[in-house]
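I opened this notebook to record what I looked up in the structure, one topic at a time. The sequence and the coordinates come before the entries.

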Amino acid sequence: MRTIEISTNVFAKIWANRIEGEESENQILQRLLGVHEASLSASAVKPKVTIPKSEHKILWRDDVRSALLELGGAGYLRDIYDQVRKIRLSAGRSLPVNTHAIIRRELEYNSSDASAFTGERDWFQTVDGIGGGKWALRKDAQK
């Protein structure tokens, strides 16, 4: 058996290229690289891909915070949507149909300006009030 180490981004790209019926990294790479089982020697063993474990799970609120950081600390919803989309796609994370609603939910759950505030993290603030469409990171959340 062979073990290789790859970054999380490479691992995500491999799975982003998966087609229905492929259930392992090996199957995906075999197709992409044009390697067929018949061409492998009898002694070849299916390689195992090892990826480093992340220290914590990346959540939607983390991506929204990262998007605002990349936008210079503030941005209109349309710009936040675009930036979160780029972040999630580059990391191989999902983009469900209701992505915009999820982003708005995270902004409101994590802002004391909103009635939906959970009371845990006060990372975001409205610039022009709720409904104004512009959000910013609070000073404490920019670190």
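Entry 1, the start of a helix. For the elements named here I take helices as DSSP runs of H or I with at least four residues, numbered from the N terminus. The model is a predicted one. With that in hand I looked up threonine 99, and found its place in helix H5. Its relative accessible area is 8%, so I noted threonine 99 as buried. I then looked for a polar partner of its side chain, and a polar atom of that side chain lies 2.5 Å from the backbone oxygen of proline 96.

Entry 2, isoleucine 103. Staying in helix H5, which covers residues 99-109, I went on to isoleucine 103. Is isoleucine 103 buried or exposed? I put it down as buried, because its relative accessibility is 0%. Setting aside the neighbours within four places in sequence, I listed Trp60, Val64, Ile80, Tyr81 and Val84 as the residues in contact with isoleucine 103. For tryptophan 60 I also looked up the separation from isoleucine 103, which is 43 residues in sequence and 7.2 Å in space, C-alpha to C-alpha.

Entry 3, the core. I next asked which residues have the most contacts inside the largest nonpolar core. That core has 16 residues, and the ones with the most contacts inside it are Val64, Ile80, Val84, Ile103, Leu107 and Phe124. The elements that give it two or more residues are helix H3 (60-70), helix H4 (77-90), H5 and strand S5 (134-137), and H4 supplies the largest share, five residues. I followed isoleucine 80 further and, again leaving out neighbours within four places in sequence, found it in contact with Val64, Ala67, Leu68, Leu71, Gly75, Ile103 and Trp135.

Entry 4, aromatic rings. I counted one aromatic pair. Tryptophan 123 and phenylalanine 124 form this edge-to-face pair, with 6.0 Å from centre to centre and 90° between the planes, and both residues are buried. I then looked for charges over rings, and noted arginine 88 over the face of tryptophan 60, at 3.6 Å from the ring centre. Arginine 121 lies over the face of tryptophan 123, at 6.0 Å from the ring centre.

Entry 5, salt bridges. How many salt bridges does the count give? I recorded six. Arginine 105 and glutamate 106 meet through their side chains at 2.7 Å, N to O; arginine 105 is partly exposed at 34% relative accessibility, whereas glutamate 106 is buried at 8%. Arginine 121, already noted over a ring, has a salt bridge with glutamate 120 at 3.4 Å, N to O, and glutamate 120 is exposed at 59% relative accessibility. Arginine 138 and aspartate 122 form a salt bridge at 2.8 Å, N to O. Since arginine 138 lies in the segment after S5 and aspartate 122 in the loop between H5 and strand S4 (124-126), this pair ties together parts that are 16 residues apart in sequence. I wrote down arginine 138 as buried at 16% relative accessibility and aspartate 122 as partly exposed at 30%. Finally, I found Asp63, Arg88 and Arg93 linked in a network of salt bridges.

Entry 6, helix H2. I closed with helix H2 (residues 25-33), whose buried residues are Glu25, Asn26, Ile28 and Gln30. Glycine 34 follows H2, and its phi is positive, near 75°.

Technical notes:
Residues numbered from 1 in each chain as written. Predicted model: local features only at pLDDT ≥ 70, side-chain atom pairs only at ≥ 80, totals over all residues. Heavy atoms only, no water. Buried < 20%, exposed > 50% of the residue type's maximum accessible area, 1.4 Å probe, protein only. Contact = heavy atoms within 4.5 Å. Core = buried A, V, L, I, M, F, W, Y, C linked by side-chain atoms within 4.5 Å. Phe/Tyr/Trp six-rings, centres within 6.5 Å; stacked < 30°, edge-to-face > 60°. Lys NZ or Arg CZ within 6 Å of the ring centre and 35° of its normal. Polar contact = N/O pair within 3.5 Å; in protein donor to acceptor, adjacent residues only side chain to side chain. Salt bridge = Lys/Arg side-chain N within 4 Å of Asp/Glu carboxyl O.
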